Amino acid sequence: MPSLEDSSKNDSRLLLISNRLPITIKRSEDGKYDFSMSSGGLVSGLSGLSKSTTFQWYGWPGLEVPEEEIPVVKQRLKDEYNAVPWASRGLATTPNGIEFQGKIIACGAFPIGIDPEKFQEGLKKEKVQKRIAQLEQKFQGVKLMVGVDRLDYIKGVPQKLHALEVFLSDHPEWVGKVVLVQVAVPSRQDVEEYQNLRAVVNELVGRINGKFGK
């Protein structure tokens, strides 16, 4: 989500403080850094608002940066993403908010959704329409279930696949009549636990397709 200053935007400004910056940072062995926007609900939900609002992100960058390289990383985050990294740490909380430096910062719940215009415009693209036609032809006469989730432990993707496997085992009459198309957007690919999660999902998909696929 681009977040640099834009003269076409109004004067509104939004400060986003999160546990982790919505930016994936990778460091090579020779000390070079690669930056890219991460996938996630908050980034997607605020993408529409970015057209009219300037964002400034605060959060942990997702990796430990050597002391001598911190200035370079901080400058790139500021210039390219208008983001400010900070060390991951906990703060004292109360029922009314967060205590910090003798002050109480009020907290609230603010539900957000997707940018519907972005999805509507995407549906009009020729390649999207062609893909829809291909899928309709491929799965004609079949009950089609679609799941779209970030590949994260809290999303329950392996549990969903297990449920499908149990259902098809208990109801063999549905084999070949129902299909699950699961879109799992990779998340935190540099973290070993998430790499293991991806391996588990791939194994489950292969096992289910091998057992029930035609």
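Which residue in β3 is the bridge partner of K26? The partner is D34, and this briefing works outward from that pair to the rest of the chain. Welcome to a predicted model, in which local features need pLDDT of at least 70, side-chain atom pairs count only at pLDDT 80 or more, and totals for chains, interfaces and linings use all residues. Residues are numbered from 1 along each chain as its sequence is written, and side-chain values use heavy atoms, with hydrogens and water left out.

**The chain as a whole**

- The chain's secondary structure comes to 6 helices and 10 strands; helices (H or I, at least four residues) and strands (E, at least two) are DSSP runs, numbered from the N terminus.
- The radius of gyration of the chain is 22 Å, whereas a compact globule of 214 residues would have one near 17 Å. This radius is taken over C-alpha atoms, and the globule rule is 2.2 Å times the number of residues to the power 0.38.
- Along the principal axes, the C-alpha trace spans about 65 × 45 × 40 Å.
- Of the 214 residues, 29% are buried; buried means under 20% relative accessible area, exposed over 50%, and partly exposed in between (1.4 Å probe, protein chains only).
- About 15,000 Å² of the chain is exposed, and carbon and sulfur atoms supply 55% of that area. Accessible areas come from the Shrake-Rupley method with a 1.4 Å probe, and for residues only the protein chains shown count as cover.
- Take the contacts between residues at least 6 apart in sequence: 73% of them join residues at least 24 apart. A contact means heavy atoms within 4.5 Å.

**The β2-β3 hairpin**

- Strands β2 and β3 pair in the antiparallel sense over 5 bridges; two strands pair if DSSP finds at least two bridges between them.
- Between these two strands of the hairpin lie 5 residues, and G31 in the turn has a positive phi of about 90°.

**Helix α2 and the residue after it**

- Helix α2 (residues 70-81) has 12 residues that should span 16 Å at 1.5 Å a residue, and its end C-alpha atoms are indeed 16 Å apart. The expected span is 1.5 Å times one less than the number of residues in the helix.
- V73, L77 and Y81 are the buried residues of α2. Seen down the helix axis, they fall within an arc of 35°, so they line one face of α2; the arc is that of the directions from the helix axis to the C-beta atoms.
- On the other side of α2, P71, V72 and K78 are exposed.
- The buried residues of α2 pack against β2 (23-27), β3 (33-37), β4 (54-60) and β5 (83-85), which brings us back to the hairpin strands β2 and β3.
- N82 sits in the loop between α2 and β5 and is buried, with a relative accessible area of 12%.
- Most residues other than glycine have a negative phi. N82 is not a glycine, yet it has a positive phi of about 55°.

**The three-strand sheet**

- Strands of a sheet pair through backbone hydrogen bonds, either parallel or antiparallel. Here 3 strands form an open sheet in the order β6-β7-β8, with antiparallel pairing.
- Its edge strands are β6 (93-94) and β8 (103-106), each of which pairs on one side only.
- β6 and β7 (residues 97-100) are joined over 2 bridges, and T93 has I98 in β7 as its bridge partner.
- β7 and β8 pair over 4 bridges, with I98 standing opposite I105 in β8.
- The hairpin of β7 and β8 has 2 residues between the strands, and Q101 there takes a positive phi near 50°.

**Helix α6**

- Helix α6 (residues 192-212) has 21 residues and reaches 30 Å from its first C-alpha to its last, close to the 30 Å expected.
- Y194, L197, V201, L204, I208 and F212 are buried in α6. Seen down the axis of α6, these residues fall within an arc of 75°, so they line one face of the helix.
- Those buried residues pack against α5 (157-170).
- On the other side of α6, E192, N202, E203 and G210 are exposed.
- E203 counts as exposed at 56% relative accessibility. Its C-alpha atom is separated by 28 Å from that of I25, and the two residues are 178 apart along the chain.
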